[in-house]
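Thank you all for making the time this morning. I would like to walk you through one model, and I will put it on the screen before I say anything about it.

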Amino acid sequence: MRTYSSRSSRVPLRSSSPSDLSSQDVIPKKRPLAERLAFHNTLQPVKRARRTIAASVSAPISKTGPRPNGSKVKPRNGRKGKEDRPPKGRAALTQLHFALDSSVLRTCPLCDLTYTKGAPEDETLHRSHCARVRRGMQWRRDDERATADAQVSEIATGVKLKDGKSGRVISINAEAGGKLGSKLSTLLHTISLHLSSPPLTRDVLRVSKVYLFLLPSDRSLPCEIIAGCAIATHITTAMAIASPAEVQGQGQGSATERSTEASPLPPATARLVSVDTNSSLFCRPEPLSTPMGIPRVFVPSAFQRRGIALRLLDAAAATFVHGCPLNPRRGEVAFTQPTASGKALMEKWGGRGVRIYQE
Ligand SMILES: CC(C)(COP(=O)(O)OP(=O)(O)OC[C@H]1O[C@@H](n2cnc3c(N)ncnc32)[C@H](O)[C@@H]1OP(=O)(O)O)[C@@H](O)C(=O)NCCC(=O)NCCS
Ligand SMILES: [Zn+2]
């Protein structure tokens, strides 16, 4: 589930700074008990695979949080406790509730956004978000020339995709203003909402480039479609992904090997940083010098699995640092905590050489 409120309540994550990224640093001060018992260092998630919208006009909505009308969830078995029973001889009173039925909430199966059905503003917000997530946004070539500070550069043209169509890749200054800047901020907002991640800060945008994959419009409109977007940003350090052997405790210097009889045996992953427990993605805590981070990558669902994300990542690695192409397989690029599809993409692109950094 994704709500605007749930996003803002999340602990903001820091960019990796030159010298201070360590396993201790990335642990939130107050860690859940389960995590402490598990001896794991855990990276605070920025992106989630599933997300929820609440329209700006609605009360914050959360599956597990308090209900909008303050009503409480009934126990499943429906039995009442002693204190709930009426005293003998008195007629049982019935508590009447003015219940806002949660069935008005709808989660769209196409864009996975949850919104209040029947609320006009919610419906409108959902419709435009849904269209952007599925089919992408329009792009006008004229705007490229109209915005001077955008520093648009065409990286590649005639880039062939798996389905035979071809498009072009451009890069833009992430802080561009004017018409183009407002188009970019709508795009970045859509991506953040889709990923349930906080907006990228001004400090991050200042050192970032936006890479867009543009396809000619099917409807012979005088514009193109933004069929993919990757943000590349300047970072200083990131962590290497641990090998399966390290995760299983056979790696050199694992915690299991170092433990003595005096101390209880922590799991082998004790010194590793847990990026995603579901997928057993662990990193070594040492901060390693890394020049480029990919905090966001997004392809609208209508254009997925055609190689667009790979083309965008290639373009970013080739051009982000002028005159110095970067190689993800040699640890020169890092992702923030990836989603499930982001992890599959990351592994396809850079094997286990891609690093992880904290946004
Ligand atoms: C992740 C995402 C950007 C991938 O874009 P894409 O253009 O479909 O990716 P590509 O076609 O370039 O995929 C390249 C390879 O990555 C892997 N991959 C990509 N998406 C995958 C998925 N959903 N499941 C499994 N593997 C996937 C595959 O190995 C794929 O090669 P293949 O199609 O030959 O099997 C896209 O699914 C997306 O926008 N998802 C929603 C946002 C998101 O999760 N972003 C990642 C944030 S870290
Ligand atoms: Zn939708």
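Let me begin with a question: which element supplies the largest share of the shell around ligand 1? It is helix α10, which contributes 5 residues to that shell. Please keep in mind throughout that this is a predicted model, and that everything I say about it is computed from that prediction.

Staying with the ligand for a moment, there are 21 residues around ligand 1, and those that come nearest are Gln304, Ala309, Ser341, Gly342 and Ala344. Three elements each give at least two residues to the shell, namely β13, which covers residues 292-298, α9, which covers 308-319, and α10, which covers 340-350. If we sort the shell by residue type, we find 11 nonpolar, 6 polar and 4 charged residues.

Now let me step back to the chain as a whole. Its secondary structure comes to 10 helices and 15 strands, and of its 359 residues 40% count as buried. Among the contacts with a separation of 6 or more, 69% are between residues 24 or more positions apart.

I would next like to follow a set of strands, beginning with β5, residues 153-160, and β6, residues 166-173. These two run antiparallel and are joined by 5 bridges, and they form a hairpin with 5 residues between them, where Gly164 in the turn has a positive phi of about 90°. Within this pairing, Ala156 has Val169 of β6 as its bridge partner. Moving on, β6 is joined by 6 bridges to β7, residues 208-216, again in an antiparallel arrangement, and here Val169 has Phe213 of β7 as its bridge partner, while Asn173 stands opposite Lys209. From β7 we pass to β8, residues 224-234, through 9 bridges, with the two strands running antiparallel, and Tyr211 stands opposite Ala230 in β8.

How enclosed are the strands in the middle of that series? In β6, 6 of the 8 residues are buried, so the strand is largely enclosed by the rest of the structure. In β7, 8 of the 9 residues are buried, and that strand is therefore largely enclosed as well.

That brings me to the helix α9, which we have already met in the ligand shell. It has 12 residues and reaches 17 Å from its first C-alpha to its last, close to the 16 Å expected at 1.5 Å a residue. Of those 12 residues 10 are buried, so α9 too is largely enclosed by the rest of the structure; the buried residues include Ala309, Leu312, Ala315 and Ala316.

Ala315 is a useful residue for connecting this helix to the strands. It lies in α9, and it counts as buried because it has 23 C-beta neighbours inside 10 Å, where the cut-off for a buried residue is 20 or more. Leaving aside neighbours within four places in sequence, Ala315 is in contact with Ile155, Ala156, Val169 and Tyr211. Ala315 and Val169 are 146 residues apart along the chain, yet their C-alpha atoms are separated by 7.5 Å.

Tyr211 deserves a look from its own side. Not counting residues up to four places away in sequence, Tyr211 touches Val169, Ser171, Cys229, Ala230, Ala232, Leu312, Ala315 and Ala316. The largest nonpolar core has 64 residues, and Tyr211 is one of those that touch the most other members, together with Ala230, Cys283, Leu312 and Ala316. Apart from that core lies another, of 5 residues, among them Cys111, Leu113, Tyr115 and Leu125. As background, nonpolar side chains in soluble globular proteins tend to be buried together.

Two shorter points remain. Helix α5, residues 178-195, has 18 residues that should span 26 Å at 1.5 Å a residue, and its end C-alpha atoms are indeed 26 Å apart, which agrees. Its buried residues include Leu180, Leu184, Leu187 and Leu188, and just after the helix Ser196 takes a positive phi of about 55°.

Finally, Glu286 is found in the loop between β11, residues 281-283, and β12, residues 288-289. Is Glu286 buried or partly exposed? With 13 C-beta neighbours inside 10 Å, Glu286 counts as partly exposed. Glu286 also lies 9.7 Å from Val273, C-alpha to C-alpha, with their positions 13 residues apart in sequence.

Notes: Residues numbered from 1 in each chain as written. Chains lettered and ligands numbered in written order. Predicted model: local features only at pLDDT ≥ 70, side-chain atom pairs only at ≥ 80, totals over all residues. Helix = DSSP H or I, 4+ residues; strand = E, 2+ residues; numbered from the N terminus. Near = placed C-beta within 6 Å. Nonpolar A, V, L, I, M, F, W, Y, C, P; charged D, E, K, R; others polar. Expected span 1.5 Å × (residues − 1). Contact = placed C-beta atoms within 7 Å. Core = buried A, V, L, I, M, F, W, Y, C linked by C-beta atoms within 7 Å. Pairing = 2+ DSSP bridges.
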